[in-house]
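Biologist: I would like a close look at a single part of this model, followed outward to whatever surrounds it. Please take it residue by residue.

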Amino acid sequence: MKRKCHIVEVDAVEVLDSRGNPTVFSQVILSDGSRGGAMVPSGASTGQYEAHERRDGDPTRYGGKGVREVVETIRQDIAAELVGVSADCQQTVDGLLCRLDGTEDKHRLGANATLAVSLAFARARARRMGKPLWQAVQSEGVHTLPCPMMNVLNGGAHADNNLDIQEFMIVPIGLPDFAEAIRCGSEIYHALGKLLKGRGLSTAVGDEGGYAPSLESDEQALELLSEAIVKAGYNTDDVRISLDVAAGEWLQADGRYHLPKADAMLTREELSAKWAAWANEWPLLSIEDALGDDDQRGWQTLTEEIGGRLLLVGDDLFVTQESRLLAGIRQRIANAILIKPNQVGTLSETVATVKTARRSGYVPILSHRSGDTEDPAIADLAVALGAPLIKTGAPCRAERTAKYNRLLTIAHDLGRNVKFGGSLLKKEKEQ
Ligand code: PGA
Ligand code: ZN
């Protein structure tokens, strides 16, 4: 009897990410010759509950950041487990990876090992089906292109400047489609660059491609952004501002928040009051990680107070894990979730979290990491999972534009047969 199509080879290589640190590339080959490869990204402001990113810790190579042992784990342990396994089902493969690891946080194999293999298998399977990755993963028939959230000013842990807020993003929700939203974002990015230059400020960029000047305050960043939107010929109804505060980085043992660059110490009430005031003053669409990931009480009050007006996004709060999201849903905290596949470690677990989010009315937002690669998988996943938003940096640096360019080609292929996440959000806001 002819054996069904199955996995014949699982390989891996140590490669580099956008910060010049080692990361994992994995390749999976099937018995019909189909093959798929994938690279994994790496965060800087990582959440304490994220799945484990395994590194060698050998100080003589890459300052301890090498992933040679992870590569060996893939080539030996994971390959031994997966070779011969049917190529039909993503959940089966991901289930085997989870079982082989056997820990809560992928500590044994490393989430960088499991995700690289999981996505490489997804691509090999898609190749076998003769479909693009997004179509092979998609479960519903409706096609939605996400609205880009472009991080055009970088601060916090992503830049050596004096801004405490990690990300200032522009979100062109009022543009008619994805390609127009990208054009708008790029025009505003360049208008902002001109404004900075005109004031003698630096236009060097941070990890995610946004400018990283030292400014008088975080408020000045918001002023500059609003000005750039208008200078480029748009208005703040159509182009909203989103922030990633990454407040978990500021939370102290006594429950207060220390903003390191402004050297300010705030209580949770003071910090929440600041966000509420900003939501009144600026055209904000969303605030991400507005409070620390263990500050449940603060999150509940904040969600009650301003959750009806803007998206409160949990990144370090939920770390893409269904169990943490379910706890948040019960506690009524936040109303949107950042989706970073490497925070959980397999494609199937990522998909499960997105499905739970959608069922509960939480907006899923696909996201890159500050250390990323030219692998555009999250662009495909955003379309496959119908996420209305994607956060993947400024329209600058090839590891960021790789995702936008992938979406531009998917948009082109889909033609008119597609919805735009920005329009869906704008309609919701107007109701
Ligand atoms: P990270 O930043 O990849 O450094 O965690 C991105 C984010 O916080 O959203
Ligand atoms: Zn974040």
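Where is the place of aspartate 372?

Modeller: This is a predicted model, and what follows should be read as such. Aspartate 372 has its place in the loop that joins β13 (363–367) to α11 (377–384). The residue is buried, its relative accessible area being 4%. Its side chain reaches back to the backbone nitrogen of arginine 369, at 2.9 Å. Leaving aside residues up to four places away in sequence, aspartate 372 touches Asp17, Ser18 and Pro41, and also Glu399, Arg400 and Lys403.

Arginine 369 leads on to two further parts of the structure. One is glutamate 50, whose side chain makes a polar contact of 3.0 Å with the side chain of arginine 369. Glutamate 50 sits in the loop between β3 (35–39) and α1 (68–82). With a relative accessibility of 11%, glutamate 50 counts as buried. The side chain of glutamate 50 also reaches the backbone nitrogen of glycine 47, at 2.9 Å. Not counting residues up to four places away in sequence, the residues that glutamate 50 touches are Asp316, Val319, Gln321, Gln343 and Arg369.

The other is ligand 1. This ligand is surrounded by 15 residues, and Arg369 is among the closest, together with Ala44, His158, Ser370 and Lys391. Three polar distances can be given for the oxygen atoms of ligand 1. A backbone N or O atom of serine 45 lies 2.9 Å from an oxygen atom of the ligand. For glutamate 288, an N or O atom in the side chain is 3.1 Å from an oxygen atom of ligand 1. For aspartate 315, a polar side-chain atom lies 3.1 Å from an oxygen atom of ligand 1. On its own, ligand 1 has 270 Å² of accessible area, and the protein covers 100% of that.

Glutamate 288 and aspartate 315 also belong to the metal site. The zinc ion (ligand 2) has as protein donors Asp244 (OD), Glu288 (OE) and Asp315 (OD), which lie 2.0 to 2.2 Å from the ion. Their spacing in sequence is D-x43-E-x26-D. Aspartate 244 lies in strand β7 (residues 240–244), while aspartate 315 is in the loop between β11 (311–314) and α9 (322–331), so the pair ties together parts 71 residues apart in sequence. Both aspartate 244 and aspartate 315 are buried.

Next to the donor Glu288 in numbering comes aspartate 289, found in the loop between β10 (284–288) and α8 (296–306). Aspartate 289 has a positive phi of about 40°, although it is not a glycine. Most residues other than glycine have a negative phi. Aspartate 289 is buried, with a relative accessible area of 1%. A positive phi in a residue other than glycine is also found at lysine 106, where the value is near 60°. Lysine 106 is in the loop between α2 (90–101) and α3 (111–129), and at 4% relative accessibility it counts as buried.

Back at the C-terminal end of α11 (377–384), the chain enters the loop between α11 and β14, where leucine 385 has its place. Leucine 385 is buried, with a relative accessible area of 10%. Beyond residues up to four places away in sequence, leucine 385 touches Val351, Val354, Arg358 and Leu366. The C-alpha atoms of leucine 385 and proline 146 are separated by 10.0 Å, with their positions 239 residues apart along the chain.

Strand β14 (389–391) is in turn part of what covers the buried residues of helix α13, as are β4 (144–145), β5 (147–154) and β15 (419–420). In α13 (residues 421–430) the buried residues are Gly421, Gly422, Leu425 and Lys426. These buried residues lie on the same side of α13 because they cover an arc of only 130° around the axis. On the other side of α13, Lys427, Glu428 and Glu430 are exposed.

How values were computed. Residues are numbered from 1 along each chain as its sequence is written. Chains are lettered from A and ligands numbered from 1 in the order in which they are written. This is a predicted model: local features need pLDDT of at least 70, side-chain atom pairs count only at pLDDT 80 or more; totals for chains, interfaces and linings use all residues. Side-chain values use heavy atoms; hydrogens and water are left out. Donors are N, O and S atoms within 2.8 Å of the metal (3.2 Å for Na, K and Ca); water is not among the atoms, so sites may look incomplete. Helices (H or I, at least four residues) and strands (E, at least two) are DSSP runs, numbered from the N terminus. Buried means under 20% relative accessible area, exposed over 50%, partly exposed in between (1.4 Å probe, protein chains only). A polar contact is a pair of N or O atoms within 3.5 Å; within protein, one must be able to donate a hydrogen and the other to accept it, and residues adjacent in sequence count only if both atoms are side-chain atoms. Contact means heavy atoms within 4.5 Å. A residue is near a molecule or strand if one of its heavy atoms lies within 4 Å of it. Accessible areas come from the Shrake-Rupley method with a 1.4 Å probe; for residues, only the protein chains shown count as cover. The arc is that of the directions from the helix axis to the C-beta atoms.
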